[in-house]
Amino acid sequence: MIVLARKTIRHQTPKSAHHPTISIFPCRIAACVIVLLLFFASGAGAQTIVPGGTISVDTIWTLEGSPYVVTGSVTVQGTDGDDGVTTLTIEPGVEVRFNSNRYLQIGSTSGAQGALVALGEEGSEVRFTTNSVDAQPGQWQGIWFYNTTEQSTTRMEHCIVEYASGAVRVMNAKATLVSCRFANNSSYDLYYTGAVGGSVYNCSFNNGINFGGTGHVAFDNNQVYWNESYPVSMPADNVGTFVATTSFHGLGDRSALQVTGNRLSKSSIWKASVPYVITSGQNYFIVQGTDGTNGVTTLTIEPGAEIRFNTNRYLQIGSTSGAQGALVVLGEEG
């Protein structure tokens, strides 16, 4: 594996040449020769080859160096810069193409931090896609945010993520996604595990969200185009805030938001914009806690909402002891 150590690299076209410059330090002479041959053989300004490894110093992928072809998986992690965090910055309009089974990893399970700043613009999005001319879902692995992702600067805005397996995975990390579009992926567009956080605003999803983690993510003004194979699945305490501002499209007879776990501890309003199915392995779903202004966890179900239970399951309000629970169901005639 070649280790990339770039010092705020920008690919620029010198006045005396048509090829963008490339700097990769340090590396063995033979490896550098191979990288340079691949780079220049692609033609004037045609593409930049990213051979894989660790980006350990602040790096910029510029529009003039686009597209960037990732031939080996890349990890962004290090202590470079005034902030002591290695950051990969991707400019508006840049296209990043991944070879089969490759991925972009931000941070790691331990050690130094890493950050991704991919700030596209409307009409000039940053595109993460496959390097295959015959584009098919699942041809590369996606973007992974790990434990040591630096949360205050990491941000994807006006990005397109397509033809990946799991498009974006957030694992014991926090990430901000704004105005991003997910399409033609082979599994969930957004997948959370571990203790997670961050925010997701004004994004559109075609392959659902799997919220398998703990913690709170701020969802606002998102669009979900329903996929029966990859629906939205999340713990009960996150459901109310998610549906409050989410628009659902293409709902079928079997479509339903999957409510995981068997306990609601935060007061929530379940809107009629999508059916709900309780998927807990327990035979009951309990509403109980001390949330809300009155100190009682309350589940409010709006008129027209549909709650589905598997065989032999039931809804329980409160318990024989402990905190209180309340249910407010105000249907309307018709």
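Ala, Val, Leu, Ile, Met, Phe, Trp, Tyr, Cys and Pro count here as nonpolar, Asp, Glu, Lys and Arg as charged, and the others, Gly among them, as polar. By that division, the lining of the largest cavity consists of eight nonpolar, no polar and no charged residues. The model is predicted: local features need pLDDT of at least 70 and side-chain atom pairs count only at pLDDT 80 or more, whereas totals for chains, interfaces and linings use all residues. Residues are numbered from 1 along each chain as its sequence is written, and side-chain values use heavy atoms, with hydrogens and water left out.

**Sheets**

- Strands (E, at least two residues) are DSSP runs numbered from the N terminus, and two strands pair if DSSP finds at least two bridges between them.
- An open sheet of 11 strands, with parallel pairing, follows the order E2-E5-E8-E11-E14-E17-E20-E24-E26-E29-E32.
- E2 and E32 are the edge strands of that sheet, each with a single partner strand, so one side of each has no neighbour in the sheet.
- The twist in the sheet of 11 strands averages 20° from one strand to the next, where axes are lines fitted to C-alpha atoms and angles run from 0 to 180 degrees between N-to-C directions.
- Within the sheet, E14 (residues 168-171) and E17 (residues 190-193) run parallel and are joined by four bridges; the bridge partner of Met 171 is Thr 193 in E17.
- An open sheet of three strands has the order E28-E31-E34, also with parallel pairing.
- Its edges are formed by E28 (268-270) and E34 (325-329), each with a single partner strand, so one side of each is left without a neighbour in the sheet.
- The twist in the sheet of three strands averages 15° from one strand to the next.
- E28 and E31 pair in the parallel sense over three bridges, and Ser 268 stands opposite Leu 299 in E31.

**Strands E6 and E13**

- Four of the five residues of strand E6 (residues 86-90) are buried (under 20% relative accessible area, 1.4 Å probe, protein chains only), so E6 is largely enclosed by the rest of the structure.
- E6 runs parallel to E3, to which three bridges join it, with Trp 61 opposite Ile 90 in E6.
- Five bridges join E6 to the parallel strand E9 (residues 114-119), with Thr 89 opposite Val 117 in E9.
- In strand E13 (residues 159-162), Cys 159 and Val 161 point one way, Ile 160 and Glu 162 point the other way, and all are buried.
- E13 pairs in the parallel sense with E10 (residues 126-130) over three bridges, and the bridge partner of Phe 128 is Val 161 in E13.
- E13 also pairs in the parallel sense with E16 (residues 181-183) over three bridges, where Ile 160 stands opposite Arg 181.

**Asp 58**

- Asp 58 lies in the loop between strand E2 (53-55) and strand E3 (59-61).
- At 17% relative accessibility, Asp 58 counts as buried.
- A polar atom of the Asp 58 side chain lies 2.9 Å from the backbone nitrogen of Thr 87.

**Cavity**

- A cavity is a set of points, on a 1 Å grid over the protein atoms alone, where a 1.4 Å probe fits but cannot get out; lining residues have an atom within 4 Å of a point.
- The count comes to one cavity of 30 Å³ or more, and the largest cavity has a volume of about 30 Å³, taken as the space filled by probe spheres set on the points, which are joined across faces, edges and corners.
- Trp 270, Ile 278, Phe 285, Leu 299, Ile 301, Ile 307, Phe 309 and Leu 315 line the largest cavity.
- Strand E31 (297-301) and strand E32 (307-309) are the elements that give two or more residues to this lining.

Technical notes:
Buried means under 20% relative accessible area, exposed over 50%, partly exposed in between (1.4 Å probe, protein chains only). A polar contact is a pair of N or O atoms within 3.5 Å; within protein, one must be able to donate a hydrogen and the other to accept it, and residues adjacent in sequence count only if both atoms are side-chain atoms. On a 1 Å grid over the protein atoms alone, a cavity is a set of points where a 1.4 Å probe fits but cannot get out, and a pocket is an open set with protein on both sides within 12 Å along at least five of seven lines; lining residues have an atom within 4 Å of a point.
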